[in-house]
Amino acid sequence: GILITLLLLTKNVPGAVFYGLVVTAVVGIIAGVCGVKGMPKIPTGVISFDFDFSLVGAFASGLGELTSHPQCYVAIFSLLFVDFFDTAGTLVAVCNRANLVDETGNHEKGELINAEQAFVADSVGTCVGAVLGTSTVTSFVESTSGVEVGGRTGLTAVTTGVCFLLSVFFSPLLSCVTSAVTAPALIIVGILMAQQLKGIEWDNIVYAASGFVTVIFMILAYSISNGIAIGFITYTVSMIGVGKIKEIK
(Lines give C-alpha, C1' and ligand atoms only; values in the text may rest on other atoms or scores of the structure.)
Protein backbone atom coordinates (compact mmCIF):
# COMPACT_ATOMS: atom_id res chain seq x y z
CA GLY A 1 0.00 0.00 0.00
CA ILE A 2 2.81 2.41 0.86
CA LEU A 3 4.68 1.66 -2.38
CA ILE A 4 1.56 1.97 -4.55
CA THR A 5 0.49 5.25 -2.94
CA LEU A 6 4.01 6.65 -3.11
CA LEU A 7 4.29 5.70 -6.79
CA LEU A 8 1.01 7.43 -7.60
CA LEU A 9 2.10 10.47 -5.60
CA THR A 10 5.42 10.78 -7.44
CA LYS A 11 3.49 10.60 -10.72
CA ASN A 12 1.34 13.54 -9.51
CA VAL A 13 -1.84 11.49 -9.88
CA PRO A 14 -4.80 13.49 -8.46
CA GLY A 15 -6.28 11.65 -5.49
CA ALA A 16 -3.21 9.43 -5.14
CA VAL A 17 -3.85 8.71 -1.46
CA PHE A 18 -7.48 7.74 -2.14
CA TYR A 19 -6.56 5.45 -5.01
CA GLY A 20 -3.86 3.94 -2.82
CA LEU A 21 -6.51 3.09 -0.22
CA VAL A 22 -8.75 1.47 -2.83
CA VAL A 23 -5.96 -0.60 -4.39
CA THR A 24 -4.69 -1.69 -0.97
CA ALA A 25 -8.18 -2.78 0.09
CA VAL A 26 -8.73 -4.74 -3.14
CA VAL A 27 -5.34 -6.45 -2.90
CA GLY A 28 -6.03 -7.24 0.76
CA ILE A 29 -9.42 -8.81 -0.03
CA ILE A 30 -7.89 -10.93 -2.79
CA ALA A 31 -5.10 -12.04 -0.45
CA GLY A 32 -7.70 -12.90 2.18
CA VAL A 33 -9.64 -15.03 -0.31
CA CYS A 34 -6.39 -16.82 -1.12
CA GLY A 35 -6.00 -17.77 2.53
CA VAL A 36 -3.69 -15.09 3.90
CA LYS A 37 -4.59 -14.33 7.53
CA GLY A 38 -5.34 -10.86 8.88
CA MET A 39 -6.55 -9.48 5.55
CA PRO A 40 -9.71 -7.38 4.95
CA LYS A 41 -12.77 -9.55 4.40
CA ILE A 42 -15.31 -9.32 1.59
CA PRO A 43 -18.17 -7.03 2.73
CA THR A 44 -21.29 -8.94 3.76
CA GLY A 45 -23.59 -6.09 2.77
CA VAL A 46 -23.81 -2.63 1.22
CA ILE A 47 -26.24 -0.51 3.22
CA SER A 48 -27.26 -0.71 6.87
CA PHE A 49 -29.68 1.27 9.02
CA ASP A 50 -28.82 -0.60 12.19
CA PHE A 51 -27.67 2.38 14.24
CA ASP A 52 -26.74 2.48 17.91
CA PHE A 53 -28.21 5.50 19.71
CA SER A 54 -27.42 4.30 23.23
CA LEU A 55 -24.80 7.02 23.82
CA VAL A 56 -26.91 9.93 22.58
CA GLY A 57 -27.31 12.29 25.55
CA ALA A 58 -25.30 9.98 27.81
CA PHE A 59 -23.23 12.98 28.94
CA ALA A 60 -26.25 14.24 30.93
CA SER A 61 -25.99 11.33 33.36
CA GLY A 62 -22.62 12.63 34.53
CA LEU A 63 -23.66 16.25 35.14
CA GLY A 64 -24.78 15.41 38.67
CA GLU A 65 -21.30 14.13 39.45
CA LEU A 66 -19.81 17.62 39.08
CA THR A 67 -21.16 18.76 42.44
CA SER A 68 -20.47 15.56 44.37
CA HIS A 69 -17.07 14.91 42.76
CA PRO A 70 -15.16 18.21 42.24
CA GLN A 71 -12.23 16.25 40.77
CA CYS A 72 -14.35 15.99 37.60
CA TYR A 73 -13.36 19.59 36.87
CA VAL A 74 -9.71 18.54 36.76
CA ALA A 75 -10.57 15.91 34.13
CA ILE A 76 -12.54 18.45 32.08
CA PHE A 77 -9.69 20.97 32.32
CA SER A 78 -7.21 18.29 31.21
CA LEU A 79 -9.37 17.27 28.26
CA LEU A 80 -9.66 20.94 27.27
CA PHE A 81 -5.89 21.33 27.04
CA VAL A 82 -5.37 18.01 25.28
CA ASP A 83 -7.94 18.94 22.65
CA PHE A 84 -6.53 22.46 22.34
CA PHE A 85 -2.96 21.24 21.81
CA ASP A 86 -4.06 18.53 19.37
CA THR A 87 -6.08 21.04 17.37
CA ALA A 88 -3.36 23.68 17.42
CA GLY A 89 -0.74 21.20 16.22
CA THR A 90 -3.02 19.92 13.48
CA LEU A 91 -4.03 23.40 12.28
CA VAL A 92 -0.42 24.59 12.15
CA ALA A 93 0.62 21.55 10.13
CA VAL A 94 -2.30 21.58 7.70
CA CYS A 95 -2.40 25.39 7.28
CA ASN A 96 1.32 25.50 6.53
CA ARG A 97 0.79 22.87 3.85
CA ALA A 98 -2.17 24.83 2.44
CA ASN A 99 -0.28 28.16 2.52
CA LEU A 100 -2.84 29.59 4.96
CA VAL A 101 -0.21 31.16 7.19
CA ASP A 102 0.12 34.95 7.06
CA GLU A 103 3.56 36.08 5.91
CA THR A 104 2.50 39.50 4.59
CA GLY A 105 2.98 41.48 7.76
CA ASN A 106 -0.73 42.20 8.30
CA HIS A 107 -0.52 39.94 11.36
CA GLU A 108 2.33 38.55 13.39
CA LYS A 109 4.55 36.58 11.03
CA GLY A 110 3.55 32.95 10.95
CA GLU A 111 0.06 33.55 12.35
CA LEU A 112 -2.71 31.28 11.06
CA ILE A 113 -5.27 33.03 8.88
CA ASN A 114 -8.76 32.99 10.51
CA ALA A 115 -7.44 30.85 13.36
CA GLU A 116 -10.26 31.96 15.67
CA GLN A 117 -12.94 30.63 13.32
CA ALA A 118 -11.07 27.36 12.92
CA PHE A 119 -10.84 26.85 16.69
CA VAL A 120 -14.52 27.72 17.15
CA ALA A 121 -15.53 25.21 14.46
CA ASP A 122 -13.40 22.53 16.10
CA SER A 123 -14.68 23.21 19.61
CA VAL A 124 -18.32 23.27 18.51
CA GLY A 125 -17.80 19.97 16.68
CA THR A 126 -16.19 18.43 19.76
CA CYS A 127 -19.04 19.47 22.07
CA VAL A 128 -21.86 18.56 19.67
CA GLY A 129 -20.21 15.21 18.92
CA ALA A 130 -20.02 14.44 22.62
CA VAL A 131 -23.71 15.29 23.08
CA LEU A 132 -24.65 13.02 20.16
CA GLY A 133 -22.51 10.19 21.54
CA THR A 134 -20.03 9.93 18.68
CA SER A 135 -16.26 9.60 18.77
CA THR A 136 -14.49 12.95 19.00
CA VAL A 137 -15.41 15.33 16.18
CA THR A 138 -12.20 17.29 15.73
CA SER A 139 -9.67 18.37 13.13
CA PHE A 140 -7.35 15.66 11.83
CA VAL A 141 -3.93 15.93 10.26
CA GLU A 142 -5.14 13.52 7.56
CA SER A 143 -6.70 16.66 6.03
CA THR A 144 -3.28 17.14 4.46
CA SER A 145 -4.16 14.49 1.89
CA GLY A 146 -7.04 16.73 0.77
CA VAL A 147 -4.82 19.79 0.72
CA GLU A 148 -2.31 17.89 -1.39
CA VAL A 149 -4.84 17.49 -4.22
CA GLY A 150 -5.89 21.14 -4.16
CA GLY A 151 -8.36 21.51 -1.27
CA ARG A 152 -8.11 25.04 0.14
CA THR A 153 -11.61 26.29 1.02
CA GLY A 154 -14.51 25.37 3.29
CA LEU A 155 -16.16 23.61 0.35
CA THR A 156 -13.54 20.88 0.74
CA ALA A 157 -14.52 20.37 4.39
CA VAL A 158 -18.25 20.39 3.57
CA THR A 159 -17.77 17.81 0.81
CA THR A 160 -15.76 15.61 3.15
CA GLY A 161 -18.47 15.98 5.80
CA VAL A 162 -21.17 14.88 3.36
CA CYS A 163 -19.07 11.85 2.39
CA PHE A 164 -18.65 10.95 6.07
CA LEU A 165 -22.42 11.24 6.56
CA LEU A 166 -23.06 8.91 3.62
CA SER A 167 -20.46 6.45 4.92
CA VAL A 168 -22.63 5.93 8.02
CA PHE A 169 -25.21 4.20 5.83
CA PHE A 170 -22.58 2.29 3.81
CA SER A 171 -20.73 0.95 6.87
CA PRO A 172 -21.04 -2.74 5.77
CA LEU A 173 -19.40 -1.96 2.42
CA LEU A 174 -16.65 0.08 4.09
CA SER A 175 -15.89 -2.63 6.65
CA CYS A 176 -13.09 -3.80 4.36
CA VAL A 177 -11.23 -0.52 5.01
CA THR A 178 -9.35 -1.76 8.06
CA SER A 179 -6.48 -0.08 9.92
CA ALA A 180 -4.04 -2.01 7.73
CA VAL A 181 -5.61 -0.34 4.68
CA THR A 182 -5.48 3.18 6.12
CA ALA A 183 -1.97 2.84 7.61
CA PRO A 184 -0.17 3.48 4.28
CA ALA A 185 -2.16 6.69 3.80
CA LEU A 186 -1.14 7.90 7.26
CA ILE A 187 2.52 7.17 6.52
CA ILE A 188 2.27 9.16 3.28
CA VAL A 189 0.70 12.04 5.24
CA GLY A 190 3.67 11.75 7.62
CA ILE A 191 6.04 12.15 4.68
CA LEU A 192 4.19 15.29 3.58
CA MET A 193 4.37 16.66 7.14
CA ALA A 194 8.11 15.92 7.41
CA GLN A 195 8.75 18.27 4.49
CA GLN A 196 7.87 21.18 6.79
CA LEU A 197 10.82 20.44 9.05
CA LYS A 198 12.91 22.54 6.68
CA GLY A 199 11.30 25.59 8.30
CA ILE A 200 13.06 24.95 11.61
CA GLU A 201 16.22 26.99 12.24
CA TRP A 202 18.45 23.97 12.84
CA ASP A 203 21.48 26.21 13.35
CA ASN A 204 19.80 27.67 16.46
CA ILE A 205 20.15 25.21 19.36
CA VAL A 206 16.97 26.51 21.06
CA TYR A 207 14.75 25.90 18.04
CA ALA A 208 16.57 22.73 17.02
CA ALA A 209 16.23 21.19 20.49
CA SER A 210 12.58 22.12 21.06
CA GLY A 211 11.57 21.16 17.50
CA PHE A 212 13.38 17.83 17.61
CA VAL A 213 12.02 16.90 21.05
CA THR A 214 8.48 17.86 19.98
CA VAL A 215 8.60 15.62 16.91
CA ILE A 216 10.20 12.67 18.70
CA PHE A 217 7.77 12.75 21.63
CA MET A 218 4.80 13.00 19.29
CA ILE A 219 5.96 9.71 17.80
CA LEU A 220 7.03 7.90 20.98
CA ALA A 221 4.09 9.07 23.11
CA TYR A 222 1.65 8.72 20.18
CA SER A 223 0.24 12.10 21.12
CA ILE A 224 0.43 15.52 19.48
CA SER A 225 -0.47 17.26 22.74
CA ASN A 226 2.23 15.47 24.76
CA GLY A 227 4.80 16.32 22.11
CA ILE A 228 3.88 20.01 22.14
CA ALA A 229 3.89 20.10 25.95
CA ILE A 230 7.39 18.58 26.16
CA GLY A 231 8.49 20.92 23.37
CA PHE A 232 7.31 23.95 25.37
CA ILE A 233 9.28 22.78 28.39
CA THR A 234 12.39 22.16 26.30
CA TYR A 235 12.07 25.60 24.68
CA THR A 236 11.74 27.32 28.06
CA VAL A 237 14.74 25.50 29.58
CA SER A 238 16.84 26.19 26.47
CA MET A 239 15.96 29.89 26.48
CA ILE A 240 16.93 30.13 30.14
CA GLY A 241 20.18 28.33 29.33
CA VAL A 242 21.17 30.83 26.62
CA GLY A 243 20.25 33.77 28.87
CA LYS A 244 17.15 34.92 26.96
CA ILE A 245 14.62 34.43 29.74
CA LYS A 246 13.11 37.88 29.14
CA GLU A 247 12.27 36.94 25.54
CA ILE A 248 10.04 34.04 26.62
CA LYS A 249 6.45 35.03 25.86
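**A walk through one chain**

Hi everyone, let me start with one residue: with a relative accessibility of 61%, Asn99 counts as exposed, because the cut-off for that word is over 50%. Before I go on, please keep in mind that what you see above is a predicted model.

So where is Asn99? Look in the loop that links α4 to β1, which covers residues 101-102. There is a reason I picked this residue. In general, most residues other than glycine have a negative phi. Asn99 is not a glycine, and yet its phi is positive, at about 60 degrees.

Which other asparagine has a positive phi? That would be Asn114, with a phi near 55 degrees. You can find Asn114 in the loop that runs between β2, residues 111-112, and α5. How accessible is Asn114? Its relative accessibility is 48%, so Asn114 counts as partly exposed.

Now let's step back to the whole chain. How many helices and strands are there? The chain has 10 helices and two strands. If you read from the N terminus on, the order is α-α-α-α-β-β-α-α-α-α-α-α. Along the principal axes, the C-alpha atoms fill a box of roughly 65 × 55 × 35 Å. The chain holds 249 residues, and 22% of them are buried. About 16700 Å² of the chain is exposed, and 71% of that area comes from carbon and sulfur atoms.

Here is one more number for the whole chain. Take the contacts between residues at least 6 apart in sequence: 61% of these join residues at least 24 apart.

I have an example of residues that are far apart in sequence. Gly45 and Phe170 are 125 residues apart along the chain, but their C-alpha atoms are separated by 8.5 Å. Gly45 belongs to the loop between α2 and α3, the latter being residues 65-68. What does Gly45 touch, if we ignore its neighbours within four places in sequence? The answer is Pro172 and Leu173. Gly45 has 24% relative accessibility, so this residue counts as partly exposed.

Next, some helix pairs. Two packed helices are described by the angle between their axes and by the distance between the axes. Let's apply that to three pairs.

Pair one sits at the start of the numbering. Helix α1, residues 2-10, packs with helix α2, residues 16-33, at an angle of about 150 degrees, and their axes are 8 Å apart. That makes α1 roughly antiparallel to α2. The crossing of α1 past α2 is right-handed. On the α1 side, the contact is made by Ile4, Thr5, Leu8 and Leu9, and on the α2 side by Ala16, Val17, Tyr19, Gly20 and Val23. How does this contact of α1 with α2 break down by class? You get seven nonpolar residues, two polar ones and no charged ones.

Pair two takes us to helix α9, residues 205-220, and helix α10, residues 224-241. Their axes come within 8 Å and cross at roughly 160 degrees. So these two, α9 and α10, are roughly antiparallel to each other. The way α9 passes α10 is a right-handed crossing. Several residues meet here, among them Val206, Tyr207, Val213 and Phe217 from α9, and Ile224, Ile228, Gly231 and Tyr235 from α10. Sorted by class, the contact of α9 with α10 has 11 nonpolar, six polar and no charged residues.

Pair three is α4 with α5. Helix α4 spans residues 71-97 and helix α5 spans residues 115-132; their axes come within 11 Å and cross at roughly 135 degrees. Are α4 and α5 antiparallel or oblique to each other? An angle has to be over 145 degrees to count as roughly antiparallel, so α4 and α5 are oblique. The crossing of α4 past α5 is right-handed. In this contact, Asp83, Phe84, Thr87, Ala88 and Leu91 of α4 meet Ala118, Phe119, Asp122 and Thr126 of α5. And the classes? Five of the residues in the contact of α4 with α5 are nonpolar, two are polar and two are charged.

If you want to try this at home, turn the structure until you can see Asn99 in its loop between α4 and β1, then look for Asn114 in the loop between β2 and α5. Thanks for listening!

Notes. Residues numbered from 1 in each chain as written. Predicted model: local features only at pLDDT ≥ 70, side-chain atom pairs only at ≥ 80, totals over all residues. Heavy atoms only, no water. Axes fitted to C-alpha atoms, helices over the stretch in contact; angles between N-to-C directions. Helix = DSSP H or I, 4+ residues; strand = E, 2+ residues; numbered from the N terminus. Parallel < 35°, antiparallel > 145°, perpendicular 65-115°, else oblique. Left-handed = near helix turned anticlockwise from the far one by under 90°. Contact = heavy atoms within 4.5 Å. Nonpolar A, V, L, I, M, F, W, Y, C, P; charged D, E, K, R; others polar. Buried < 20%, exposed > 50% of the residue type's maximum accessible area, 1.4 Å probe, protein only. Areas by Shrake-Rupley, 256 points an atom, 1.4 Å probe, with all protein chains shown as cover.
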